[in-house]
Amino acid sequence: MRELGAIDTSPWGKVRRLPDGAMQMFIRDPAGNLIEISCPREVAVDGRIFQDDLVDAEGRLYESKRDDPRGLHTEDATLYHGR
């Protein structure tokens, strides 16, 4: 995806490991549709990926700063806190 220039960091930030250990990234298909790609925490990830400038090695959560629920992180948000 990197070689194709398909990784899109503009809507939700860089490729990152979420607090629950899952990996997350977003790409654009040729028609411009945004696609989320997630990797469960149980899957081994090659550590070299964290050396890429498209990766947030510190694993910070992206906050959209929207004034609606999509931009908020809550205690019951399973995406960020597990199930």
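**Exercise 1. Find which segment holds L4, and work out whether this residue is buried or exposed.**

Solution. L4 is found in the segment before β1, and this position, like every other one discussed here, is read from a predicted model. The next step is to look at the surface of the residue: L4 has a relative accessible area of 69%. Because exposed means over 50%, L4 counts as exposed. The last step is to ask what surrounds the residue on the surface, and here L4 joins M1, I35 and I37 in making a nonpolar surface patch of about 360 Å².

**Exercise 2. Determine where R16 lies and which polar partners its side chain has.**

Solution. Begin with the place of R16, which is in strand β1, a strand made of residues 15-17. Then consider charge: R16 is buried yet has no salt bridge, and D56, the nearest side chain of opposite charge, is 6.1 Å away. That distance does not qualify, because a salt bridge requires the nitrogen and the carboxyl oxygen to be within 4 Å. Finally, turn to polar partners: a polar atom of the R16 side chain lies 2.6 Å from the backbone oxygen of K14, and a polar contact of 2.9 Å joins the side chains of R16 and Q24.

**Exercise 3. State how many salt bridges the structure holds, and describe the one between D52 and R2.**

Solution. The structure holds five salt bridges. In one of them, the side chains of D52 and R2 meet at 2.7 Å, taken from N to O. This pair links distant parts of the chain, since D52 sits in the loop between β3 (34-39) and β4 (55-56), whereas R2 sits in the segment before β1, and the two are 50 residues apart. As for accessibility, D52 counts as partly exposed at 23%, and R2 is also partly exposed, with a relative accessible area of 45%. The pair can then be placed in a wider setting, as R2, D52 and D53 are linked in a network of salt bridges.

**Exercise 4. Give the N to O distances for the salt bridges of E42 with R41 and of D46 with R48, and classify E42, D46 and R48 by exposure.**

Solution. Take E42 as the starting point: its salt bridge with R41 has its closest N and O atoms 3.5 Å apart, and E42 is exposed, with a relative accessible area of 62%. For the salt bridge of D46 with R48, the closest N and O atoms are 2.5 Å apart. Within this pair, D46 is partly exposed at 40%, while R48 counts as exposed at 61% relative accessibility.

How values were computed:
Residues are numbered from 1 along each chain as its sequence is written. This is a predicted model: local features need pLDDT of at least 70, side-chain atom pairs count only at pLDDT 80 or more; totals for chains, interfaces and linings use all residues. Side-chain values use heavy atoms; hydrogens and water are left out. Helices (H or I, at least four residues) and strands (E, at least two) are DSSP runs, numbered from the N terminus. Buried means under 20% relative accessible area, exposed over 50%, partly exposed in between (1.4 Å probe, protein chains only). Lys and Arg count as positive and Asp and Glu as negative; His and the chain ends are not counted. A polar contact is a pair of N or O atoms within 3.5 Å; within protein, one must be able to donate a hydrogen and the other to accept it, and residues adjacent in sequence count only if both atoms are side-chain atoms. Patches are made of residues with over 30% relative accessible area and no salt bridge: like charges are joined within 9 Å, nonpolar side chains (Val, Leu, Ile, Met, Phe, Trp, Tyr) within 5 Å. Accessible areas come from the Shrake-Rupley method with a 1.4 Å probe; for residues, only the protein chains shown count as cover.
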